[in-house]
Amino acid sequence: LQHSLVPTSDMLSLPVKDSKDTSCSQCKVTRGGKLVHCNDCNSLTTKIDLRGGGLRVVMKDAFQALTSVQEIDLSGNSIEFIERGAFDNLRGLSVIRLHENPVSRPAIGFQDKRTIRTGYPGLPIDIFDNLGSTARVFFHECCWYAASAVSGYLQNYQNREFLVPTRP
């Protein structure tokens, strides 16, 4: 399902697919692709589907009013950065789909000829810390990771430097 962006003054409206028992009219996105908020959604909304909507940044207050959300699908966008706190109030969130976004690809590169830098540059190290222990994060369409495992990885390896072994 592809969504089209419709201009409304300085913001764009991104339609959101209705879930079975709740309805959601739209989320507010700037012309630059920043997901600002989904305050127009019913507070009982359980699923947000923003696949392929041209998003580039998820702001920290984007989902703040949606305490009943269980699943957020942000796949197939151009998301490069998710602000710290974007998922903090979502205690019931069990699935986050981030695949097919630059933010879901690990950055592994050489800083110089002897040092490798690792991590996910668009994710703050504590981005998934407040999610429940059963929450799943999809960095790839086929595979999910426990949010706690991703949090552990980010805390231990985000932007770390490793020396490359050299020949004597």
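## A tour from Arg 56 to the ring cluster

Select Arg 56 to begin: at a relative accessible area of 37%, this residue is partly exposed. Throughout the tour, buried stands for under 20% relative accessible area, exposed for over 50%, and partly exposed for what lies in between (1.4 Å probe, protein chains only). The model on your screen is predicted, so local features need a pLDDT of at least 70 and side-chain atom pairs count only at pLDDT 80 or more, while totals for chains, interfaces and linings use all residues. Residues are numbered from 1 along each chain as its sequence is written, and side-chain values use heavy atoms, with hydrogens and water left out.

**Stop 1: colour by confidence**

Now colour by pLDDT, the predictor's confidence in each residue on a scale from 0 to 100. The chain average is 74, and 64% of the residues score at least 70. Next, select residues 1-21, where the pLDDT is below 50; beyond near neighbours in sequence, this stretch still has 61 contacts in the model (a contact means heavy atoms within 4.5 Å). Where pLDDT is low, the predicted coordinates should not be read in detail.

**Stop 2: salt bridges**

Which partner does Arg 56 have in a salt bridge? Add Glu 80 to the selection: its closest O atom and the closest N atom of Arg 56 are 3.4 Å apart. Arg 56 sits in the loop between S5 and strand S6 (57-58), and Glu 80 in the loop between strand S7 (71-73) and strand S8 (81-82), so this salt bridge ties together parts that are 24 residues apart in sequence. Glu 80 is partly exposed too, at 43% relative accessibility. Strands here are DSSP runs of E with at least two residues, helices are runs of H or I with at least four, and both are numbered from the N terminus.

In total there are five salt bridges, each being a side-chain nitrogen of Lys or Arg within 4 Å of a carboxyl oxygen of Asp or Glu. Another one joins Glu 71 and Arg 97, with 3.1 Å between the closest N and O atoms. Glu 71 belongs to strand S7 and Arg 97 to strand S9 (residues 95-97), so parts 26 residues apart in sequence are tied together. Arg 97 is partly exposed, at 22%.

Salt bridges that share partners also make a network of Asp 49, Arg 51 and Asp 73. Zoom in on Asp 49 and Arg 51, whose side chains meet at 2.6 Å, N to O. Asp 49 is buried at 1% relative accessible area, whereas Arg 51 is partly exposed at 27%.

**Stop 3: the disulfide**

Where in the chain are the two cysteines of the disulfide? A search of the whole structure finds one such bond, defined as a pair of cysteine sulfur atoms within 2.5 Å. Select Cys 27 and Cys 38, and you will find their sulfur atoms 2.1 Å apart. Cys 27 is in strand S3 (residues 26-30) and Cys 38 in the loop between strand S4 (34-37) and strand S5 (47-49), eleven residues apart. The torsion about the S-S bond is about 105°, so the disulfide is right-handed. Cys 27 is buried at 0% relative accessible area, and Cys 38 is also buried at 0%.

**Stop 4: the core and its rings**

Show Leu 35 next. Leaving aside neighbours within four places in sequence, its contacts include Cys 27, Val 29, Leu 50, Met 59 and Phe 63. Leu 35, Phe 63, Ile 82, Phe 87 and Phe 128 have the most contacts inside the largest nonpolar core, which has 34 residues. A nonpolar core is a set of buried Ala, Val, Leu, Ile, Met, Phe, Trp, Tyr and Cys residues joined through side-chain atoms within 4.5 Å. S3 and helix H1 (147-157) each supply at least two residues of this core.

To finish, show the rings: the structure holds two aromatic pairs. Rings of Phe, Tyr and Trp (its six-membered ring) pair if their centres lie within 6.5 Å; planes under 30 degrees apart count as stacked, over 60 as edge-to-face, and the rest as tilted.

- Phe 63 and Phe 87 are stacked, 6.1 Å centre to centre with 10° between the planes. Phe 63 is in the loop between S6 and S7 and Phe 87 in the loop between S8 and S9, 24 residues apart. Phe 63 is buried at 0%, and Phe 87 is buried at 1%.
- Phe 87 and Phe 128 are stacked as well, at 6.0 Å and 10°. Phe 128 lies in the loop between strand S11 (115-117) and strand S12 (136-138), so its pairing with Phe 87 ties together parts that are 41 residues apart in sequence. Phe 128 is buried, like Phe 87.

Select Phe 63, Phe 87 and Phe 128 together for the last view: ring pairs link them into a cluster.
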